[in-house]
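Student: Could you take me through one part of this model at close range, and then follow its connections outward? I'd like the residue-level detail, please.

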Amino acid sequence: MRSWLYIPDIRNVGNSEADALVVDLERAHDPDAVRSWIEAADRPAIWARLAGGEPGRHAVRAVVSPALTGICVAAESANELAALGTVIAEAEEAVGLPVGRIAVVPRLETAAAVLQAAEIARAPRVSRLQLAEGQLARQLRVEPGQDEHELLWARSMVVIAAAAAGIEPPIAASCPAGTDCESSAQVLRRLGFRGRTCLDDEQVQIANKVFANASTLA
């Protein structure tokens, strides 16, 4: 999937050409309303973005349904994902889904998460990794320039971890403000990424163009 459109508010969703929609449950005040929206959205790929830890596990119980493709969640270890997987399995059984149907995309937001990328990539349910560059750069006190060279090592680590685990290539973070988004996406494609999160339809169009026909494991 080339473009993953971030949806911070289900009340403001248009007809997007994004390959996947990512609904933010971290900001949602009513998870039941989000679940109802997911079930009525009639889209082929809808993901829920959850907080890590107990808040995320609590939200799983409210949002899992046959219309949900998977969950994007912050994680620093495979053990965290194992605990989450138990909760997802219970939620799947509660709505009549086969156990294992809901996929997981871990968001690597910290240095600890990047260093554990190889183990995280091998955790059950993980279909691909997502590098959360904004959060990571703040922790590292990195100030990326126009060529984004400062993030090369972390990006390469995530690409290698995904390839070693035999999962799909990773998802990149959305285009930073003030950046040439097409050039940025081309750099990511050359590094081995095959999609990125997007904040608006303009970014979706760029991602769909740049990552079109890129080779994947599929």
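**The sheet, strand by strand, and what surrounds it**

Tutor: Happily! Let's begin with one pair of residues: Tyr-6 stands opposite Val-22 in S2. Please keep in mind that this is a predicted model. Tyr-6 belongs to strand S1, residues 3–7, and strand S2 covers residues 20–24. The two strands run parallel and are joined by four bridges.

S1 also pairs on another side of the story, with S7. That pairing is parallel too and has three bridges, and within it Ser-3 has Arg-196 as its bridge partner in S7.

Now look at the side chains of S1. Ser-3, Leu-5 and Ile-7 point one way, while Trp-4 and Tyr-6 point the other way, and all of them are buried. Because five of the five residues in S1 are buried, the strand is largely enclosed by the rest of the structure.

Stepping back, S1 is part of an open sheet of seven strands, with parallel pairing and the order S6-S5-S4-S3-S2-S1-S7. The edges are held by S6 (130–131) and S7 (196–198); each has a single partner strand, so one side of each is left without a neighbour in the sheet.

Let's visit the S6 edge. Its pairing with S5 (residues 103–108) is in the parallel sense, over two bridges. One residue pair to look for is Leu-108 with its bridge partner Leu-131 in S6.

Following the chain on from S5, you meet Thr-110, in the loop between S5 and helix H4 (111–115). Thr-110 counts as buried because its relative accessibility is 17%, and the cut-off for buried is under 20%. The side chain of Thr-110 makes a polar contact with the side chain of Glu-76, at 2.7 Å. If you set aside neighbours within four places in sequence, the contacts of Thr-110 are Glu-76, Leu-136 and Gln-139.

The charged side chains come next. The structure has eight salt bridges. One of them joins Arg-125 to Glu-92, with N to O at 2.8 Å. This pair links distant parts of the chain, 33 residues apart: Arg-125 is in the loop between helix H5 (117–121) and S6, and Glu-92 is in helix H3 (residues 78–94). Both Arg-125 and Glu-92 are buried.

Another salt bridge is formed by Arg-155 and Glu-148, whose closest N and O atoms are 2.7 Å apart. Arg-155 counts as buried because its relative accessibility is 1%, and Glu-148 is buried as well, with a relative accessible area of 6%. These two residues are also part of a network of salt bridges that links Glu-133, Glu-148 and Arg-155.

Let's turn to Ser-156, which lies in helix H7 (residues 152–165). At 25% relative accessibility, Ser-156 counts as partly exposed. For a link across the sequence, take Ser-156 and Leu-191: they are 35 residues apart along the chain, while their C-alpha atoms are 6.9 Å apart in space.

Leu-191 brings us to helix H8, which spans residues 181–191, and to its packing against H9. Two packed helices are described by the angle between their axes and the distance between the axes. For H8 and H9, the axes come within 10 Å and cross at roughly 40°. H8 passes H9 in a right-handed crossing. On the H8 side, the contact is made by Cys-181, Glu-182, Ala-185, Gln-186 and Arg-189, and on the H9 side by Gln-203, Ile-206, Lys-209 and Val-210.

Two of those contact residues deserve a separate look. Glu-182 forms a salt bridge with Lys-209, and the closest N and O atoms are 3.0 Å apart. The pair links distant parts of the chain, 27 residues apart, with Glu-182 in H8 and Lys-209 in H9 (residues 201–210). Glu-182 is partly exposed, with a relative accessible area of 26%, whereas Lys-209 is exposed, with a relative accessible area of 55%.

To retrace the route on your screen, start where Tyr-6 stands opposite Val-22, go to the S6 edge where Leu-108 pairs with Leu-131, and end at the salt bridge of Glu-182 and Lys-209.

Methods. Residues are numbered from 1 along each chain as its sequence is written. This is a predicted model: local features need pLDDT of at least 70, side-chain atom pairs count only at pLDDT 80 or more; totals for chains, interfaces and linings use all residues. Side-chain values use heavy atoms; hydrogens and water are left out. Two strands pair if DSSP finds at least two bridges between them. A salt bridge is a side-chain nitrogen of Lys or Arg within 4 Å of a carboxyl oxygen of Asp or Glu. Buried means under 20% relative accessible area, exposed over 50%, partly exposed in between (1.4 Å probe, protein chains only). A polar contact is a pair of N or O atoms within 3.5 Å; within protein, one must be able to donate a hydrogen and the other to accept it, and residues adjacent in sequence count only if both atoms are side-chain atoms. Contact means heavy atoms within 4.5 Å. Axes are lines fitted to C-alpha atoms, for helices over the stretch in contact, and angles run from 0 to 180 degrees between N-to-C directions. A crossing is left-handed if the near helix is turned anticlockwise from the far one by less than a right angle, and right-handed if clockwise.
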